[in-house]
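Please look through the sequence and the structure below before reading on. The paragraphs that follow take up the domains, the cores, the strands and the contacts between chains in turn.

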Amino acid sequence: MVNPVLLIVIPLGLAFVVPFFGFISKKIEKFIPFVALFFNLIVSLRLFPRVLEQPVHVSIGGFVPPFGINLVAGPIGILFTVLIALVGFLVSIYAFDYIKEKDQEKYHILYLLLLTGATGVVLTGDIFNLFVFFEILCISSYSLVAYFGDKTSIESAVKYLIQGALGSCLILMGIGLLYGQFGTLNMADLAGNIKSVHSVSIFVPLVLFITGFGVEAAIFPLNAWLPDAHSSAPSSISAVLSGIAIEVGLYAMIRVVFTLFGASSILTFLMLLGVITLLIGELCAFCQENIKRMLAYSSIGQIGLMLFALSIASSYGITGGLFQLVSHTLGKSLLFLAAGYMIYRSGSMNISSFEGMGKRMPYTALAFTIGAFSIVGLPPFIGFPGKLMIVKAALFEQEMLYTVLIFFILLATVIEGAYYFRVVQALYFKEEKNTQNQKREIAPLSILIPIFILTGFIVVIGIYPKLITDVLVSSASELLNRADYIKSVMP
Amino acid sequence: MVMNTILEIIIIILLAAIIGLFFLGLSRKIMARIHWRYGPPIAQPVIDIIKLFNQTSMSHGKLFNFGIIFSLSGSVVVLLFLPLGEMCPLSSSGGLLVILYCMLIAPLGLALSGGEAANPITSIGISRKFLLAFGYELPLLLILLTVMTHFNTISIVDIVNMQLQTGWSFQHLPLLLSGIAYILILPAILDLRPFELIQAPQEISSGPMIEYGGKFLALATIQHAFNVFISLSLFTNLFLGGAENPGYFFLKMLIVFIILLFVNAVTPRFRIEQAIKFLWRWPALLAFAGLIIVSVTG
Amino acid sequence: MNLIILLAIAFGGALITYFLGKISQKIRDIFAVFISLALAVIAACFYNVSSREIYYTGFLDFPFVLRVNTFSWFFAVTIAVIGLFSIIFSLNYIRKRGNTDFYYSMMLLVIASMIGIVLSGDLVSFYIFWEIMSWSTFLLISYNRGPAISAGMKYIIMSVTGSVVMLVGIVSLYLHYDTLVYTELSGLLNNASSGYILFIIILFFIAFGVKNAIWPLHVWLPPAHSEAPSPFSSVLSGILIKIGTYGIILLIFVIIQINVFLNLGEGILSVRYIISIIGVITILIPTFIALLQDDAKRLLAWSTIAQAGYIILGIAYGTSESVAGGMFHFFNHAIFKSLLFMVVGAVEYRTNGVRDLNSLGGLIKKMPVTFIGGLIGICGLIGVPLTNGFVSKWLIYKTLILNNSPFLAFAALLGTWGTILYSYKLIHNMFLGQLPEKYEKIKKAPFSMQLPIVILSLAIIFFGIIPGLPLHVINSIESGFGMEPLTINIWGIASDTGTINMLNIFTAVLVIGIMVWLIFKVSKKSTVIGQYDNYAAGTTVPKDKYNYSVNFYDPLCRMISPYLKDFIDDFYMSLARSIKNTGNGIRRIYTGDVGHYVIYIILFLALLIFIQINWELW
Amino acid sequence: MDRNKLGKWLQSPGKMGQKYSLHALYFCTGCGIIEIPPTITARWDAERFGVIPVATPRQANLFLITGYVSVKTLRPIIRSYEQMPEPKFTVGFGSCPINGGMYWDSYNTIKHLDKYIPIDGWIAGCMPRPEAVFVAVTHLWTLIDKGMADGYKKYREDYHYYRENQEKILGKLEWPPLFSSKKM
Amino acid sequence: MTFLSEYIYYIGAFGLIFIGLYIVLVKKNLIKVIIGLSIIDTGINLFLITIGYIRDGTAPVFSKPGLKANEMVDPVPQALVLTAIVIGVAILALAISLAVKLYKHHGTLNLRKINEQKW
């Protein structure tokens, strides 16, 4: 009998055990996240078939909802769990050779905490518990951004912290307001009580939540921390931040909007916001010379696209948005990992320093290229079905607004293509200026394995999207059917 | 049937050669008379050709030879598309459009031949040839399209036959305009002044023909004779009702040609830009007006 | 044979080629040639086969269908054969360059995806192959580095723009009719409103127009074609842009039926006329721009755009004859344009990358076979009778004239005369005139280059004399589209309104040519002299200085060049610049001052509350 | 003038053609050129005899050396003469090409042109009038008739001699020998 | 005055929040900004407590009979506040330690001057 609690408990426990292993041998430390996340991956995959039939509920301490804290492992929760575990697992392999600084155990502790927080956010059914996990996620990511301890990373971490802390305060205030009115913290219970968001007393918490989670989800104009943080964190952490952290923020936001408030009237606004985020992210990325900032701005754009798709709030739209989310998680993690190692070798984050990398590091460059093509949405990679589904969802609405917006989105895709192709050209078609180190430097296996696995997923799902679409459809129905959610938590 | 066709072909070629050479000689004679000179005998071009065939010649290579053969055969082939009275051996093979394209072969051949001669002046001449051709093709295309649209056929035989029923093309207003335009561009087609830019002996030493001596020059002269015949015959067929009988046909061509010769005798030469500008202005405008009228009135 | 096997060979071959190259260069070369030969042979085997199969259903409930009929067979065979020749041509051309494995596998991938495009029977798999073709082409265009990088960039951006727009069209069709399989889709649009059909046409035309380089969307083509490796240029120009043509035919004749298409709009404002006019503009402007070019490949690139205009004109005009002309011109253009690119490539190969027309000359003495190829190529391009280009152009002109569209015909014909000018310049400046001394030691092109050149030249003449063979195929394609068939015979066309019989012309030219040749032969033999024994007013010809090729058409160019600035390109470039400037401006909002960021958060919150309190939107 | 006798044309078309179609290349070496324009234009009209000026040596068969020949102009004269197709005829104009004339003691003038290229006929005088030119043409006709206008044959036979003289005065020539002579 | 006495805690709570916001928005010094964040935190904590607080209520423990549930102070906010305080302290500690590092690198704590990472 696998229990969703294990998904949180095991990594959390192991995180604090890391220093003790450190007493035994410094070399074991780095395998702890590997083990923990492998376990998580297995458990969540085991849970999958069960969850698809019926969401799994766990009441902590035997309290029945709405009184105790409960975990709700619905399809969407498990989907996120699998993603988190998968990417976390691969990034932990990547970290074997990538993280070489002396404070390794801190890295691994914080890394595990980050993923625990993310897992907690997606699994919990209690709004305050969500906040707590969210804070775990945030605090560990603040510290991980500062991990290198150099000038830029500290600066970014401080800025991230100030904005993030403000966002958390707003969430907490929202929770307080909700609790003051309904006297409960269980999301299903709250949802059952909230009939409309029209009154100010309901609306203000909604707005507070949107803003608070929006900071973490990097919605425009709350996303100023993201380029700094993503570009100055270690690349493995950038991959996790970009691939998981902001998606979890988006998840929280969507969960709140759909399930907690059922606020269908604000969705148009969110959709516009998504398109604006997309355009601004892509435009900013278009002008970047720093590869990691470019990828970071691209993440902003992708988040905007997901927000747009999710805000369409039809089955097609949410499926498309979630597909895009999966593809972005895989693709952007791959890009950060591949770019990270190339940065590690070339010693500079400037795009021009990547010139000639296609010859020096053929596999990494190939993986980067595939990731870039996938993000742009070229078949046969995973980005294409996502794009197709989003276009389909938008056009399905048969409204002029959607058609216009879809053209803006496609314009953004073209801009995105422009800057990604520029990097691809730099990799393959520009001669290296520094002719001395022309020799091939194949990356170590621990770097290549996660990159290859991610590449494999991108290609396989790109060719065979049915692999995940079933899950996505049931996830979408979970998000859309608010009444079912309430009923299943509180029968 | 086949013998008949072969006979027709031979007659047409011989007739064209004779008329063409006669026109060349005539042009020299008439020019001389206009200059108040006695002038050479009418048969002077024939004498020249006989002499040239008896001379040795220098060749610059295979393409130099091939070009002139290609050019002359191209001209001869065009003859077969033009109706001479009832005779038109290739009437069923594409009509006026093919004539238009086959008229290309001759300059192309000369150009290739001159190109291999590796003389820069040849290249200048070729360049001028193509530019001038581009200059007069624009009105010429408009003219031919006017005619084809007016009669709604692309077959030149049909055009001639319809003129027999409805009278000469000149009697219809749009075709009158294009006929005038055609007369304006005829000197350019025939390399007469004021468009005598291509050979321009005083300026670029006879241009593409600069390396031609002996039989090359002879063939080139024959080709020029055919060219004269073709251009005049095309005009006559399109606008002056074609050949009701050969003598009449010849007379029409002669009158047009003499008009051209008078112009030739009294005008100086354009520069190439001036020529193109002229050709793209007046003849093109006239022809364009004709085409608009035709396409509006259906 | 099974269609899926054909595709598997194509894609698998591309992949295996890459890894074979790691083992041995020689085996890889042989394998690449073998694969492309196999593709050509297998594709040819599908003649007159009409089959259809669903081969994959795992993609978002869209069934993937492969189908073959005469229409797709025609394109597939052309693609495979031209691909084969350009691979053969590559053998020597690419040998000394780096990254040859990459080159061959990408080349095969491009060919494979093109075959995939023409064989796919539904729009989603069409789109997937389309995009694979786009990015693999992008990778190959940039292969030469240097200026090729920006060329590749231009290409891929325009291509992606086009294809995303097409994606909207495809999805819209799916949502309206719930299927994307051609056979089910065709005829469904009969009842659609003309506004919707117009919407679909515009969306698809942007995508196909980018590939086919229709006039305002052509700017990627000149740099891409001129900077790509020459064998690939011949693929690009010969067949890749024709995939756009394929798409247009598919759109007009299969998805929207021809009778629906012809009835869209009235008179001069009908869709058919507008597209024809665009086609005519595509003929005229690039023709004149090609006149101004000094780079051999760039000249050919502009010429490609112009010729694509003929194809569009023929197809969009929509009569049975013009469509036949357009399709035949596609076939012919594939042959002679790839031939010409190969000729330029051979010269480029022997002169170490010189393709500046002003510095070449006189190569006919050194590379005679290449010259003959080039000569026949430009004859085909011009449409000299007895070459294949003639018949197709004749068909287009004829139908334009007889259907009372003289102005379209005029523009198309004028384009032909422009074609003469630039194509003669091409051949003159490369092969004729004086041979500069630095090229005295050039050898003739290697066999692997001469072979495709010779075969393609022969094909031009062959199909020029026997146009009935391809026209027969085109005829059955047209009857498949439900158009009235042409009355053709093996030598040409015989209809009431105008006949053409290439046999007559061929016989006449042959007999007369032989006669003239005999006259030439029996008269006194001429002595052969060298290029320095030349008239120069009595002086000796100075070496290297006595070559008139710079500014060949200077008088005309001076007249027209002020009007021919490529303002479309300027427009796109300024668009790109303004997007970049916008981006640069927008990113200033991330000031780096955390106080501002906090203000953003608070303002956002305040804005949301303000909206609700003021207007109660939610 | 037997131009209109058809029998003769049929008998020897080559000779007749050469006689009545003299395409002249005139070389403006000196003052003699001033007599050419009246000769070929309306006043005296050389064209009635079939004599017309042409632009290039390739098309010419009559070479008129009009006036004195300096060392500098000798080189183009030789070049042009060699480029003319055979049969070709040369006529020296005035006394200077014959023996130097008034430039008999000039260091820079060629005194005997026939040492360098074969000359078929001379027109004496300083300068000869156009009428003299016509006289020369009719003389040339008789020479052609008798087969005595064979300067080009002499040039071919004695190329060794001419080339030697040419090289003596001009130094090394840029062009290769026209005929591969056994003696060379 | 009943209004004041009824809502005094709310006023205090929101007052603290707005003071904190003001500090975060206006002050340049990082330490002051951190203090501002802390004050916001405190204000929210006060707010949470106030929600569950009932005037003259008792502790939510049935320590003697006769206690009614609706007279009890709600215990949940207090638990929340405890957690929130812990989180707040964590953030505070992290922020302070980062501030120290920041000072080492930049030699200043003026946030307006620390803007290397931008655009």
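**Domains, cores and chain contacts**

In this predicted model, the domain assignment divides chain C into domain 1, which covers 272-294 + 318-520, and domain 2, which covers 566-615. The C-alpha centres of domain 1 of chain C and domain 2 of chain C lie 53 Å apart.

The largest nonpolar core has 611 residues, and those with the most contacts inside this core are Leu161(A), Met114(C), Ile115(C) and Ala412(C). Its largest share, 19 residues, is supplied by helix α6 of chain B, which covers residues 120-151. Domain 1 (272-294 + 318-520) and domain 2 (566-615) of chain C both give residues to this core, so the core lies between them. A second, separate core has 44 residues, including Phe49(D), Tyr68(D), Phe89(D) and Ala149(D).

Ala412(C), one of the residues with the most contacts inside the largest core, can serve as a point of entry. When its neighbours within four places in sequence are left aside, Ala412(C) is in contact with Val280(C), Ile283(C), Tyr310(C) and Leu313(C), and also with Ile396(C), Tyr397(C) and Leu400(C).

The next element to consider is a sheet in chain C. Here three strands form an open sheet with antiparallel pairing, in the order β3-β4-β5. The strands β3 (488-489) and β5 (499-501) of chain C stand at the edges and have a single partner strand each, so one side of each is left without a neighbour in the sheet. Between strand β4 of chain C, residues 492-494, and β5(C), the antiparallel pairing runs over three bridges, and Ile493(C) stands opposite Ile500(C) in β5(C).

Strand β5 of chain C also leads to the contact with chain B, since it is among the elements that give two or more residues to the side of chain C that touches chain B. This contact takes 57 residues from chain C and 60 residues from chain B. Besides β5, the elements of chain C that give two or more residues to this side are α16 (388-402), α17 (406-431), α20 (502-522), β6 (527-528) and α21 (554-560). Of these, α17(C) gives the most, with ten residues. The residues on the side of chain C that touches chain B divide into 37 nonpolar, 18 polar and two charged.

Strand pairing also links these two chains: strand β1 of chain B, residues 58-59, is joined to β6(C) by two bridges, and the two strands run parallel. In this pairing, Met58(B) stands opposite Thr527(C) in β6(C).

Chain C also touches chain E, through a contact that takes eleven residues from chain C and ten residues from chain E. On the side of chain E that touches chain C, the residues divide into five nonpolar, two polar and three charged.

How is chain E itself built, and what pattern does it follow along the sequence? Its secondary structure comes to three helices and zero strands, and, read along the sequence, chain E follows the pattern α-α-α. The radius of gyration of chain E is 19 Å, well over the 14 Å that the globule rule gives for 119 residues, so chain E is more spread out than a compact globule. Along its principal axes, the C-alpha trace of chain E spans about 65 × 30 × 20 Å. Of the 119 residues of chain E, 30% count as buried. Among the contacts in chain E between residues at least 6 apart in sequence, 54% join residues at least 24 apart.

Terms used
Residues are numbered from 1 along each chain as its sequence is written. Chains are lettered from A and ligands numbered from 1 in the order in which they are written. This is a predicted model: local features need pLDDT of at least 70, side-chain atom pairs count only at pLDDT 80 or more; totals for chains, interfaces and linings use all residues. Two strands pair if DSSP finds at least two bridges between them. Helices (H or I, at least four residues) and strands (E, at least two) are DSSP runs, numbered from the N terminus. Two residues are in contact if their C-beta atoms, placed from the backbone, lie within 7 Å. Ala, Val, Leu, Ile, Met, Phe, Trp, Tyr, Cys and Pro count as nonpolar, Asp, Glu, Lys and Arg as charged, and the others, Gly among them, as polar. The radius of gyration is taken over C-alpha atoms; the globule rule is 2.2 Å times the number of residues to the power 0.38. A residue is buried if 20 or more other C-beta atoms lie within 10 Å of its own, exposed if 12 or fewer, and partly exposed in between; C-beta atoms are placed from the backbone. A nonpolar core is a set of buried Ala, Val, Leu, Ile, Met, Phe, Trp, Tyr and Cys residues joined through C-beta atoms within 7 Å. Domain bounds come from an automatic or database domain assignment.
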